[in-house]
Amino acid sequence: MNRKWRFETRVIHEGIHPERWEGATLPPIYQTASHRHPTAESLRDAFGGRSADHIYLRLTNPTNRVLEEKLAALEGGAGAVVTSSGMAAITNACLALLRSGDEFVAGNSLFMSTYILFAHVFKKYGITARFVEPTDLEAIRKAVNERTRFIFVETIGNPKMDVPDLAAIAEIAHANGIPLLVDNTLATPYLCRPLELGADVVIHSTTKYLSGHGCATGGVIIDGGRFDWMNSKFAEEFKPFVDRKGPLAYLDKVWREHHINFGTTQSPFHAYLTMIGLDTLAVRMERHLSNAMEVARFLAEHPRVKWVRYPGLPDHPDREVAERQFREKGFGALIAFGLKDQETCFRFIQNLRLIFNLANLGDCKTLIIHPYSSQYLSFPEETRRYLSITPDLLRLSVGIEAVEDICEDLRQALDRL
Ligand SMILES: Cc1ncc(COP(=O)(O)O)c(C=O)c1O
């Protein structure tokens, strides 16, 4: 691959080798549970890591491998493992670094399932997540102690819409000998490449913008390959992985200890669908971003809208960080906004004619959800408030339809309240 090609070209051509696939421009879907080996020696070598030949779908798959190469290249990473979902990626990425009694520091504006995993599921195994405002560098610094194994943040908090300063957080992490893990789902590598800003591991739910059409679930863990796992915090546990895989020690640990034993395999069909989606990522993102900016302005000016949180609006507290970090390409395509109360939000959703009411984001279609009464329904009131989930909040995932039609649908639904 010509490294000088721009992202818009590389997102299409990275990992694509028609010469290996009888001229096909996408890899075949290797829909097979297992791979025949011509000799016992060949299977032994595959198990022993002396060959990269495939063995069994739960371990690796040729279609998935193409997606892994593609996503690693797009984020500027050294390697990647794709998983069955974004949550599988987050679980594996974190557990590869955690033992009972350990701690980690996490931003408090996390996707709902990530919060449950960190606050409740990990707790059962004696692991403590210390939640902080991810934009408060002093709070992050104070939360790190000798038991902390990593820092975890989202590029754009979902649905709080805050934008942490990744370069500054990476500095704090590295000063303490620990890595920074970033869930880059909401930004995508089109908008932000956390590894270039100093992060060590990037995670995505590929279910969202990367596949882009709401038709495939998946996740990915991308290893930057630069963190020193032989520092005193990690050396004892990481030595066998460093000996085996050098700069890809972390990815090897994720894969060998967790991915293959937890069985978090991605379906090759979903990997294939995700690759079709990736071909149009750059043009979709361009449109998502420009539409979202216009919709945010529209909402901010409408008298029935109480408040709007979108990093592109001039009054957003993280606008300057977002501009710098996203290289002035845009500010994401998720908007949080408030109406009078929950009842008004419900009537508003009922009034919509174009926009879909469903639990997803990053689809090319515009989507809306009332988080308080759906994803966060079972959360105690105190936790909802802590996570900024209020009864008046709506989350809009702006799609790539004509922006006039999106605004018109919002306008007619607001006017009929
Ligand atoms: C930021 C973020 N991370 C992770 C996930 C989980 O992804 P998946 O649904 O693919 O498990 C989501 C899902 O909405 C998300 O928004």
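**Ligand shell and aromatic pairs, with reasons**

Helix H4 (residues 86-95) gives the largest share of the shell around the ligand, three residues. Bear in mind that this is a predicted model.

Me: Which residues come nearest to the ligand?
Reply: Gly86, Met87, Asp183, Ser205 and Thr207, out of the 15 residues around the ligand. By class, that shell has five nonpolar, seven polar and three charged residues.

Me: What makes the approach of Met87 to the ligand a polar contact?
Reply: A polar backbone atom of Met87 is 2.9 Å from an oxygen atom of the ligand. The cut-off for a pair of N or O atoms is 3.5 Å, so this counts as a polar contact. Side chains do it too: an N or O atom of Asn158 is 3.0 Å from a ligand oxygen, and one in Lys208 is 2.9 Å from a ligand oxygen. As for cover, the protein takes up 89% of the 390 Å² of accessible area that the ligand has on its own.

Me: Why is the pair of Phe337 and Phe348 called edge-to-face?
Reply: The structure holds 18 aromatic pairs. In this one the ring centres are 6.0 Å apart, within the 6.5 Å limit, so the rings pair. Their planes stand at 90 degrees, and over 60 is edge-to-face, so that's the label.

Me: What parts does that pair tie together?
Reply: Strand S9 (residues 334-338), where Phe337 lies, and helix H14 (residues 342-351), which holds Phe348; the two parts are eleven residues apart in sequence.

Me: How do you know whether Phe337 is buried or exposed?
Reply: Its relative accessible area is 0%, and buried means under 20%, so Phe337 is buried. Phe348 is at 0% as well, so the verdict there is buried too.

Me: And Asn231, buried or exposed?
Reply: Buried: Asn231 has 16% relative accessibility, and the line is drawn at 20%. This residue lies in the loop between strand S7 (219-223) and helix H9 (235-245). Its side chain reaches the backbone oxygen of Gly177 at 2.9 Å.

Me: What makes you say that the charged end of Arg384 sits over the ring of Tyr372?
Reply: That charged end is 3.6 Å from the ring centre, and the distance limit is 6 Å, so the distance test is passed. The angle to the ring normal has to be within 35 degrees as well. Lys329 gets the label over the ring of Tyr190, with its charged end 4.6 Å from the centre.

Me: Which residues form one aromatic cluster?
Reply: Phe227, Trp229, Phe234, Phe238, Phe241 and Tyr250.

Conventions. Residues are numbered from 1 along each chain as its sequence is written. This is a predicted model: local features need pLDDT of at least 70, side-chain atom pairs count only at pLDDT 80 or more; totals for chains, interfaces and linings use all residues. Side-chain values use heavy atoms; hydrogens and water are left out. Rings of Phe, Tyr and Trp (its six-membered ring) pair if their centres lie within 6.5 Å; planes under 30 degrees apart count as stacked, over 60 as edge-to-face and the rest as tilted. Helices (H or I, at least four residues) and strands (E, at least two) are DSSP runs, numbered from the N terminus. Buried means under 20% relative accessible area, exposed over 50%, partly exposed in between (1.4 Å probe, protein chains only). A residue is near a molecule or strand if one of its heavy atoms lies within 4 Å of it. A polar contact is a pair of N or O atoms within 3.5 Å; within protein, one must be able to donate a hydrogen and the other to accept it, and residues adjacent in sequence count only if both atoms are side-chain atoms. Accessible areas come from the Shrake-Rupley method with a 1.4 Å probe; for residues, only the protein chains shown count as cover. Ala, Val, Leu, Ile, Met, Phe, Trp, Tyr, Cys and Pro count as nonpolar, Asp, Glu, Lys and Arg as charged, and the others, Gly among them, as polar.
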